[in-house]
Amino acid sequence: MKTYNNLPTLVTAKILAFAFSGADGDIAIWKQALSLLSVCHGWRVQGVNTLYRYAIVKVVDPNLIMDDSDEEESDYSDEEAVTDSGGSDWESVSSSINCISDAFALDGGDPIRVYTNIKLIEKLGLESMVKQLLFSEKQPQVLTINEFDSMGAFISILEALFQDLLGNDKLTEPFNEWFDLEYMDAVSDNQAEGECYAVIKAATDAFINKYPNISSINAVMINPHEFMQKMIVELAVGYDKQLTKFVCAMPATFSYTLLAPNLADLDLRLGCSIDDNLPTICPGSLRTIQFMLDDQPFNWDVFRVDKKSKTIAFDNLVYLSLTGTIQDSDAGNEITNNLNLSFPKLERLFLENISLTTNEALAMIGHRLKWLYCEGSIIAASQLCKQPLRDLDTLFLIWVEEEYPDELDDFVFLANEIFSKTDDIKYVHCEIRAANFDDSMLGIYWPYLTHLSLGFTILFEDLFEIVQNVPNLLELNMVIDYHDVNVITEATEFLTNIKKHYPTPSSSKIETLRIVIECATLCSNPCCQSPFGKAVQNLRWYWPQLKNIDIQN
């Protein structure tokens with residue numbers, strides 16, 4: 001009989017890979033996974049190489065009400081014993097807002113808690129094994145973060161990561177003085193900031209020397225203090241030449257170039273306005289890009305290392321995701337049209353609220369592109385679909401009424417043009433997110449559409465007319481918001497007597513129907529067992545190819 005220690009290496013690797021899933025981003029899962037290192041020597045050898053790749057820092061807001069899934073996390077103790085067989089020892093660093101400055105002490109202030117495995121890594125001398133550095137936070141979904149809270153979290157992280165490197169007094173003194181009115185009156189803002197930034201630079205330099213092999217930084221935080229933003233940027237710049245993955249999903253300002261010549265995966269979700277303080281990144285090594293700016297148009301200057309050159313070559317890019325703000329069609333076109341963009345290996349393209357010039361569309365649509373998602377700008381989709389779509393397998397087109405309330409007519413017109421040219425695409429999905437049905441929808445003719453999602457309530461008579469104009473439709477998703485009992489009653493009666501209204505079945509190819517019902521009157525009954533749910537089953541007669549009906553309440 002084989003013991004755990006004698007299992008084939010490949011089998012052990014698969015078991016541990018499944019058990020460690022999620023440990024790269026969740027400190028609780030990481031802690032639980034430590035117990036597997038005590039199973040046997042073989043598991044410990046493989047597991048240590050996996051688990052200690054990750055240095056994790058997680059901020060937990062004191063206002064968060066823990067649910068059952070967080071029970072493990074809420075029970076973390078500040079000190080636990082280290083065991084050579086893989087037991088757990090990690091530091092829970094607590095900092096109350098009262099610790100920032102007595103002058104600004106808030107009565108009853110709860111501590112910001114920072115959980116990290118850094119102390120255990122250093123205690124075991126495994127710093128050289130760490131390849132990925134991860135920052136995250138857990139907060140209530142609705143919470144106003146004030147400067148005290150964000151500074152408290154930042155100081156806690158400073159102490160967790162750098163206390164042993166610089167010493168506590170030298171580390172936190174400039175930040176404690178940040179809220180000392182007497183001190184701030186005596187010095188300039190620039191001097192105070194300079195002293196804080198000097199500590200951040202010294203701390204990050206010391207950290208980089210102690211953890212020399214980090215090649216991935218992942219920072220996902222909602223509203224970090226500006227000093228926290230500065231620290232993340234300093235770390236990224238310090239590891240510049242060896243970074244292969246950089247995720248910065250938080251507000252951040254880059255005041256200098258981040259060349260990252262070996263960067264393969266870039267994820268910048270910067271959120272708020274950051275003016276022109278964006279990094280400059282070498283495009284040649286990138287395989288995936290996710291770039292999001294909430295309130296300004298996207299600009300290719302991020303990838304123009306040589307500002308004098310008009311060429312930007314994404315030689316290895318496979319996936320590109322851009323989210324921004326629609327700008328006037330003529331804004332910036334002169335600059336963009338003069339650029340020579342190249343995407344020879346691009347396979348997947350995601351665009352949300354992005355304006356495209358003809359030049360950009362020509363560059364993006366290549367013979368390797370398999371998957372295209374376009375939301376927000378129908379004009380951008382039209383520009384793309386005017387090009388030969390060659391090997392495209394999947395096309396998503398999403399229209400959102402909240403962003404373009406007066407353009408449904410234009411959308412239908414351009415969509416008719418687009419969907420008349422998609423006969424070679426296997427999966428063609430259109431989603432319309434609107435509050436109400438509009439008669440302009442009756443003018444659609446989408447002969448090659450395969451999937452349709454309607455985010456508004458529609459009468460079945462109108463729905464049938466639309467479906468007639470989508471002859472190759474395979475899947476239909478719809479929402480019914482019937483809070484008026486009379487309306488739901490009429491819909492039920494209509495479907496119950498469908499053969500009276502439509503004596504012959506439709507030639508539609510629909511195989512799957514999904515209905516989401518928003519109606520208080522049905523909440524007490526499972527939808528499929530309600531009178532309406534039973535009446536919907538009559539659609540199997542009208543749409544003979546219909547195999548699956550899924551009704552959700």
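## Accessibility and the pair E417–K421

Buried means under 20% relative accessible area and exposed means over 50%, with partly exposed covering what lies in between. The model discussed here is a predicted one, and with these cut-offs E417, at 29% relative accessibility, counts as partly exposed. E417 forms a salt bridge with K421, and the closest N and O atoms of the two residues are 3.7 Å apart. K421 likewise falls in the partly exposed class, its relative accessibility being 43%.

## Salt bridges involving helix α9

The structure holds 9 salt bridges. In one of them E122 is joined to K210, with 3.7 Å between the closest N and O atoms. Because E122 belongs to helix α5 (residues 118-123) and K210 to helix α9 (residues 189-210), this pair ties together parts of the chain that are 88 residues apart in sequence. The two partners can also be described by their accessibility: E122 is buried, with a relative accessible area of 15%, whereas K210 is partly exposed, with a relative accessible area of 28%.

Helix α9 also contains a salt bridge between two of its own residues, D205 and K201, which lie 4 residues apart, about one turn of the helix. The closest N and O atoms of D205 and K201 are 2.9 Å apart. D205 counts as partly exposed at 32% relative accessibility, and K201 counts as partly exposed at 36%.

## Parallel strands around β15

Strand β15 (residues 427-433) runs parallel to strand β14 (residues 394-400), and the two are joined by 7 bridges. Within this pairing, I398 has E431 of β15 as its bridge partner. Strand β15 is also joined to strand β16 (residues 451-454), again in a parallel arrangement, through 4 bridges. Here I432 stands opposite L454, a residue of β16.

E431, the bridge partner of I398, takes part in side-chain contacts as well, since a network of salt bridges links E375, E431 and R433.

## Charged patches on the surface

A patch of positive charge on the surface is formed by R287, K345, R368, K370 and K426. One of these residues, R368, is placed in the loop between α12 (358-364) and β13 (371-375). With a relative accessible area of 37%, R368 is partly exposed.

A patch of negative charge is likewise found on the surface, where E407, D409, D410, D438 and D439 gather. D438 lies in the loop between β15 and β16, and a relative accessible area of 35% makes D438 partly exposed. The loop that carries D438 therefore lies between two strands that are themselves joined in parallel by 4 bridges.

## An enclosed helix

Is helix α2 (residues 27-34) largely enclosed by the rest of the structure, or largely open? Of the 8 residues in α2, 6 are buried, so the helix is largely enclosed by the rest of the structure. The buried residues of α2 are I27, A28, W30, K31, A33 and L34.

Terms used:
Residues are numbered from 1 along each chain as its sequence is written. This is a predicted model: local features need pLDDT of at least 70, side-chain atom pairs count only at pLDDT 80 or more; totals for chains, interfaces and linings use all residues. Side-chain values use heavy atoms; hydrogens and water are left out. Two strands pair if DSSP finds at least two bridges between them. Patches are made of residues with over 30% relative accessible area and no salt bridge: like charges are joined within 9 Å, nonpolar side chains (Val, Leu, Ile, Met, Phe, Trp, Tyr) within 5 Å. Accessible areas come from the Shrake-Rupley method with a 1.4 Å probe; for residues, only the protein chains shown count as cover. A salt bridge is a side-chain nitrogen of Lys or Arg within 4 Å of a carboxyl oxygen of Asp or Glu. Lys and Arg count as positive and Asp and Glu as negative; His and the chain ends are not counted. The place of a charge is taken as NZ of Lys, CZ of Arg, CG of Asp or CD of Glu. Buried means under 20% relative accessible area, exposed over 50%, partly exposed in between (1.4 Å probe, protein chains only).
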